[in-house]
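Grab a pencil and work through a few exercises on the model shown below. Each one has a task and then a solution in steps.

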Amino acid sequence: MATETKSSKSRSPLIDCSVTPVDARPPHLNVLVLQGGGALGAYHLGVCEELALMDVAPDWVCGISIGAINAALIAGNRPSKRIPALIQFWEKISSGLVPMMGIPDGTARDLWSEGAALWIAATGVPGFFSPRLPPAKFQPSGTVGAISYYDTEPLRQTLNEMIDWDYLNDESPIRLSVGSVSVTTGRMHFFDSRGGPDHCRMTAEHVISSGALPPGFPPVQIGDDWYWDGGVASNAPLQHVLDEAVEHDKNVFQVDLFPAEGPFPQTLLDAETRAQDIRYASRTRLGTNLEMAMSPARLVVRRILDSCSPDLDLLNAQELETLRQFACEQHIEIAQIIYRDKAYSGKARGYEFSRPTMEAHRAAGRRDAAKALSVRDWRLRPAVDGVHCIDVGAETPELRAKASR
């Protein structure tokens, strides 16, 4: 009687994780991931303009805070109206402070931005938010008015005017995901027009909740719970798109408004800016580094599963399925487009919605996106195995090498 060998041992159907031919895989997805950052979100506008110019259309947009607003404007408009809707929104919310003449760089520019931020804090932003009257301290305890400085009803009106919600939910080819955090449980939710655990019919409330940063803005009630800005828990929406639709290859355009790396601060203003950058960039970089670290491990597990090793007989069906899911084949290329040289620094940059600063953010987005898009033809399926990151904006060859490992 022949002795059974490792090579002759049959494979369990639960261990079928062999490499799928490229032409047999479903179409790849172009995914746009938009980080939160208030007024810095005009950078997203510039990136989207450049993507449209290069004929790279997103299949999925995922955002938090101002990123959620920009994402909804993209998904909720027909192709010919997407960029015009974004431009209309940003011109509207920056219309409160439009100078009669150009502002030179240097001290005059800094003074303008500081004054603009103070004015906006006192008067609000057209089509976005207005000071709460009477102020929060005079509002009944336990109401949303008592726990927020501003009223976001103007934003609700703006979104309903600029977004076709029926089109977004029923016809749009673009999937929309927006991140919010539960005030009562602290759990992160990604309200999603297509799938995931929080799949729902999207409304203005879902988008506004994603940008409801306390204590400036009030929480938003959805169902029986209340939600705040997703940035309270994590300003990095990347993980959601990596966890969902795993059967698809993905080109991911990760648009971040806060860089992890930066120079040593020279002034108090520099220190405030640098601390804010680190705070908001840390979760994004953590998620990216984790996925890149796990990618080789997935490949190793897949090779083990494909080897038909008899040792796998020690595992039960549930354990084998866990391994199979972990080793699921992935082809993901992430273009990291990061706003490093902002037009205005300091803690107030998130609400400096003046027209000159908005246009500076927008121009930087176009410039950085053009640089990222020049690396390869992003309309094509990623030709990498596992998860690969490209940061063409890294300031040194060492940083570029680190970002691409």
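Let's fix one term to begin with: a residue is buried under 20% relative accessible area, exposed over 50%, and partly exposed in between, using a 1.4 Å probe and protein chains only. The model is predicted, so local features need pLDDT of at least 70 and side-chain atom pairs count only at pLDDT 80 or more, while totals for chains, interfaces and linings use all residues. Residues are numbered from 1 along each chain as its sequence is written, and side-chain values use heavy atoms, with hydrogens and water left out.

**Exercise 1: backbone oddities**

Task: Work out where Asp-55 and Ala-245 sit, and say for each whether it is buried or exposed.

Solution. Start with some background: most residues other than glycine have a negative phi, and most peptide bonds are trans. Next, elements: helices (H or I, at least four residues) and strands (E, at least two) are DSSP runs, numbered from the N terminus.

- Step 1. Asp-55 has a phi near 60°, positive in a residue other than glycine. Look for Asp-55 in the loop between helix 1 and strand 2 (60-64). Its relative accessibility is 54%, so Asp-55 counts as exposed.
- Step 2. Ala-245 isn't a glycine either, yet its phi is positive, about 50°. This residue belongs to the loop between helix 8 (238-243) and strand 9 (250-256). Ala-245 counts as buried because its relative accessibility is 15%.

Task: Which peptide bonds ending at Pro-134 and Pro-215 are cis, and where are these prolines?

Solution.

- Step 1. Leu-133 and Pro-134 are joined by a cis peptide bond with omega about -5°. Pro-134 is in the loop between strand 3 and strand 4.
- Step 2. Going from Pro-214 to Pro-215, the peptide bond is cis, and omega is near -5°. Pro-215 sits in the loop between helix 7 and strand 7.

**Exercise 2: aromatic rings**

Task: Classify the ring pair Phe-89 and Phe-128, then the pair Tyr-150 and Phe-217.

Solution. A pair of aromatic rings is described by the distance of the centres and the angle of the planes. Here are the cut-offs: rings of Phe, Tyr and Trp (its six-membered ring) pair if their centres lie within 6.5 Å, and planes under 30 degrees apart count as stacked, over 60 as edge-to-face and the rest as tilted.

- Step 1. The whole structure holds 12 aromatic pairs. One of them is Phe-89 with Phe-128, which is tilted at 6.5 Å centre to centre and 50° between the planes. This pair links distant parts of the chain, 39 residues apart: Phe-89 is in helix 3 (residues 82-93), and Phe-128 is in the loop between helix 4 (107-123) and strand 3 (130-131).
- Step 2. Phe-89 has 0% relative accessibility and counts as buried. Phe-128 is buried too, at 6%.
- Step 3. Tyr-150 and Phe-217 have ring centres 6.2 Å apart and planes at 70°, so call this pair edge-to-face. It also links distant parts of the chain, with Tyr-150 in strand 4 (residues 150-151) and Phe-217 in the loop between helix 7 (204-210) and strand 7 (220-222), 67 residues apart. Tyr-150 and Phe-217 are both buried.
- Step 4. Zoom out: ring pairs link Phe-89, Trp-90, Phe-128, Phe-129, Tyr-150, Phe-217 and Phe-353 into a cluster.

**Exercise 3: helix against helix**

Task: How do the axes of helix 3 and helix 5 cross, and how do those of helix 1 and helix 11?

Solution. Axes are lines fitted to C-alpha atoms, for helices over the stretch in contact, and angles run from 0 to 180 degrees between N-to-C directions. Angles under 35 degrees count as roughly parallel, over 145 as roughly antiparallel, 65 to 115 as roughly perpendicular and the rest as oblique.

- Step 1. Helix 3 and helix 5 (residues 153-162) have axes that come within 11 Å and cross at roughly 155°. Helix 3 is therefore roughly antiparallel to helix 5.
- Step 2. For helix 1 (residues 42-53) and helix 11 (residues 355-373), the axes come within 6 Å and cross at roughly 40°. So helix 1 and helix 11 are oblique to each other.
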